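Colleague: Could we go through this model together? I should like to ask about a few of its residues.

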Amino acid sequence: MKIERIQAFRMLQPFIDGPYRMSKGRVADAFDSIIVAITADGITGWGEMAPLGTFYSAAFAAGAEAGVKEIVPHLLGQDPRALTQIGRLMDTVFKGHPYIKSAIDMACNDLTARAAGVPLVTMLGGREGETAELYKVVTHGEPEKMAENAVRYVADGYRRLQVKVGGDVNGDIDRVRAVSSAVPRGTVLFCDANAGWTPFQARRFADQTRDIDFVFEQPCVTIDDNLSVRRSFDKPMVLDESVQSLEDLLEIHRKGAADGVTLKISRLGGVTRTRQMRDLAVDLGLMVTVEDTGGAEIDTAAMAHLSLSTPEEKRLHAIAFHEWVTVKTARNAPPVIGGSRMGIPDGIGLGIDVDPALIGTPFLDIRK
């Protein structure tokens with residue numbers, strides 16, 4: 001089996017609920033998505049990545065577009081099923097920048113599963129349960145508005161909320177108190193600072209919110225800073241932005257810096273490496289969330305397959321990005337049940353049916 005054609009598309013995906021806001025004035029209005037289609041022996045696999053603006057990760061859509069143009073000519077004639085070899089080849093011809101390689105690797109995974117006639121979840125270790133529990137993000141804003149949004153999300157069926165903090169500490173204390181007071185007892189809250197605080201600020205927040213039940217998510221930038229905060233309070237901690245490599249994961253475990261990790265597919269370079277790190281994190285006893293920085297049906301399907309192949313007792317939750325945006329890329333999207341759980345599309349590979357008419361004209365189309 002040899003790669004005979006590669007296409008790449010760029011697609012703007014506006015948010016249904018308006019601007020996505022984080023602390024320090026960071027805001028995005030849409031995902032700027034890169035979609036890759038790889039064809040071999042008449043079978044096409046699809047991949048997608050979309051950075052959240054230019055402020056969240058060391059990634060941006062224009063960089064991904066330029067990088068894909070540099071990498072994909074080297075892949076023509078290669079066997080897409082040789083996932084490790086494809087990854088090494090990409091690293092050889094283009095050093096670093098894992099986000100650029102993510103959609104390519106995802107497309108190869110989809111194609112490999114389609115060629116084998118099985119759902120991707122089977123190749124990722126096997127399915128664990130029918131659905132994964134979803135969470136909803138309460139974006140940064142005024143406390144009253146955040147509480148209002150939280151109530152609406154709970155009414156929609158969500159039982160897990162990620163509350164954005166990481167700005168002015170006093171204001172964020174008011175924000176999480178407003179949200180926690182507005183939602184029913186038993187609602188799971190994650191307070192996510194997106195690495196927005198110093199240890200001093202994070203400790204102040206932790207000290208003033210000891211009576212509220214929540215999981216602390218990525219309060220500071222470095223692993224050591226987060227560890228120093230973790231030592232001073234008695235709530236679980238999950239790290240996200242700190243997990244950018246295998247070495248980071250091993251350091252987090254060795255130092256006992258977190259109880260769980262969030263693995264972002266594009267941050268790690270694709271499905272193949274995310275699966276490797278997911279399996280290691282599980283073996284190390286960490287709780288795991290597998291998601292990404294953004295995208296629509298294609299990327300969400302990959303997240304669903306990785307989530308549902310994570311052991312249930314180690315799986316935290318998932319997110320349905322395809323429900324965030326006003327556009328569609330495919331039919332047979334990952335099903336969302338009761339507003340709070342997500343399954344896997346029926347079918348082989350990612351299980352989705354991408355409609356090229358929905359994603360526009362390719363910016364790249366090369367053949368062997």
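Modeller: The following exchange takes up several residues in turn. This is a predicted model, in which local features need pLDDT of at least 70, side-chain atom pairs count only at pLDDT 80 or more, and totals for chains, interfaces and linings use all residues. Residues are numbered from 1 along each chain as its sequence is written, and side-chain values use heavy atoms, with hydrogens and water left out.

Colleague: Where is G343 placed?

Modeller: G343 lies in the loop between β16 (341-342) and β17 (353-354); strands (E, at least two residues) and helices (H or I, at least four) are DSSP runs, numbered from the N terminus.

Colleague: Is G343 buried or exposed?

Modeller: G343 is buried, because its relative accessibility is 3%. Buried means under 20% relative accessible area, exposed over 50%, and partly exposed in between (1.4 Å probe, protein chains only).

Colleague: And which residues does G343 touch?

Modeller: Leaving aside residues up to four places away in sequence, G343 touches E130, T131, A304, P334, P335 and I337. Contact here means heavy atoms within 4.5 Å.

Colleague: How far apart are G343 and G186?

Modeller: They are 157 residues apart in sequence and 23 Å apart in space, from C-alpha to C-alpha.

Colleague: Changing topic, what is phi of H97 near?

Modeller: Phi of H97 is near 50°, a positive value in a residue other than glycine. H97 sits in the loop between α2 (83-93) and α3 (98-116).

Colleague: What about phi of N332?

Modeller: Phi of N332 is near 60°, a positive value in a residue other than glycine. N332 counts as partly exposed because its relative accessibility is 34%.
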